[in-house]
Amino acid sequence: MIPFVHESSYIDDDVEIGDATKIWHFCHVQSGARIGERCSLGQNVNIANNVHVGDDVKIQNNVSVYEGVELEDGVFCGPSCVFTNDLSPRARFPKGSQAYKRTLVKAGASIGANATVVCGHTIGKNAMIAAGAVVTKGVPDHALMAGVPAKQIGWVCECGGILDSNLGCSVCGNRYEEVAVGLREVGE
């Protein structure tokens with residue numbers, strides 16, 4: 001199934017867009033960007049130069065994914081969430097892309113509406129960032145983060161359910177154990 005690109009959107013040269021991806025109104029995908037299969041880019045999304053977006057990613061309205069940010073498979077970006085790529089920007093002293101700090105959002109992670117992800121950090125696999133949170137440090141796999149600055153307030157299942165004190169999910173029944181990078185499903 002070929003990708004759908006709304007007529008109001010701009011796709012620069014040297015862009016890859018995977019099968020069944022939908023790019024809605026007023027989007028801009030810049031040169032060197034790679035977007036996977038079955039993705040959805042809502043209204044007014046900007047994908048900057050050389051950004052990689054995995055398969056099955058959903059980016060809601062008004063999100064800019066700047067150079068230096070990578071979204072792995074199955075990532076959800078809520079409306080108006082914000083990514084940065086420069087820790088000390090100055091309009092009169094631009095540094096260029098070689099100074100951008102890398103941000104990695106691992107597979108299955110969700111970032112809530114109006115959350116901000118400060119560059120130079122990794123958001124772990126299946127982590128969940130609450131709406132309005134400001135991420136200023138790395139986030140473990142399956143961590144539930146909220147607040148300004150964001151702090152871990154719990155753990156979440158791959159399905160999105162909040163885990164109980166025994167690291168079990170009442171939604172789907174999965175069970176987890178703590179490991180160095182966060183949580184791992186028991187039996188994995």
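This passage describes a sheet, a hairpin, an aromatic pair and the cysteines of a predicted model.

The sheet comes first. Nine strands form an open sheet. Their order is 1-4-7-10-13-16-19-21-22, and the pairing is mixed. In general, strands of a sheet pair through backbone hydrogen bonds, either parallel or antiparallel. Strand 1 and strand 22 are the edge strands. Each of these two pairs on one side only.

At one edge, strand 22 (residues 151-155) runs antiparallel to strand 21 (residues 143-146). Four bridges join strand 21 to strand 22. Among the bridge partners, Ala143 is matched with Trp155 in strand 22. Ala146 is matched with Lys151, also in strand 22. The two strands form a hairpin, with four residues between them. The turn contains Gly147, which has a positive phi of about 100 degrees.

The other edge strand, strand 1, carries a residue of an aromatic pair. The count of aromatic pairs in the model comes to one. Its members are Phe4 and Trp24, with ring centres 4.9 Å apart. The centres lie within the 6.5 Å cut-off, so the rings count as a pair. The planes meet at 50 degrees. Stacked planes would be under 30 degrees apart and edge-to-face planes over 60, so this pair is tilted. The pair links distant parts of the chain, as Phe4 and Trp24 are 20 residues apart. Phe4 belongs to strand 1 (residues 4-5). Trp24 sits in the loop between strand 4 (22-23) and strand 5 (28-29). Phe4 is partly exposed, with a relative accessible area of 35%. Trp24 is partly exposed too, at 32%.

The cysteines were examined next. A disulfide is a covalent bond between the sulfur atoms of two cysteines. The structure holds zero disulfides. Two cysteines illustrate this result. For Cys81, the closest cysteine sulfur is that of Cys77, at 4.4 Å. A disulfide requires sulfur atoms within 2.5 Å, so this distance is too far for a bond. Cys81 is buried, with a relative accessible area of 2%. For Cys157, the nearest cysteine sulfur belongs to Cys172 and is 3.4 Å away. Cys157 is likewise in no disulfide. Its relative accessibility is 1%, and Cys157 counts as buried. The cut-off for buried is under 20% relative accessible area, so Cys81 at 2% meets it. Cys157 at 1% also meets that cut-off.

Definitions and conventions:
Residues numbered from 1 in each chain as written. Predicted model: local features only at pLDDT ≥ 70, side-chain atom pairs only at ≥ 80, totals over all residues. Heavy atoms only, no water. Phe/Tyr/Trp six-rings, centres within 6.5 Å; stacked < 30°, edge-to-face > 60°. Buried < 20%, exposed > 50% of the residue type's maximum accessible area, 1.4 Å probe, protein only. Pairing = 2+ DSSP bridges.
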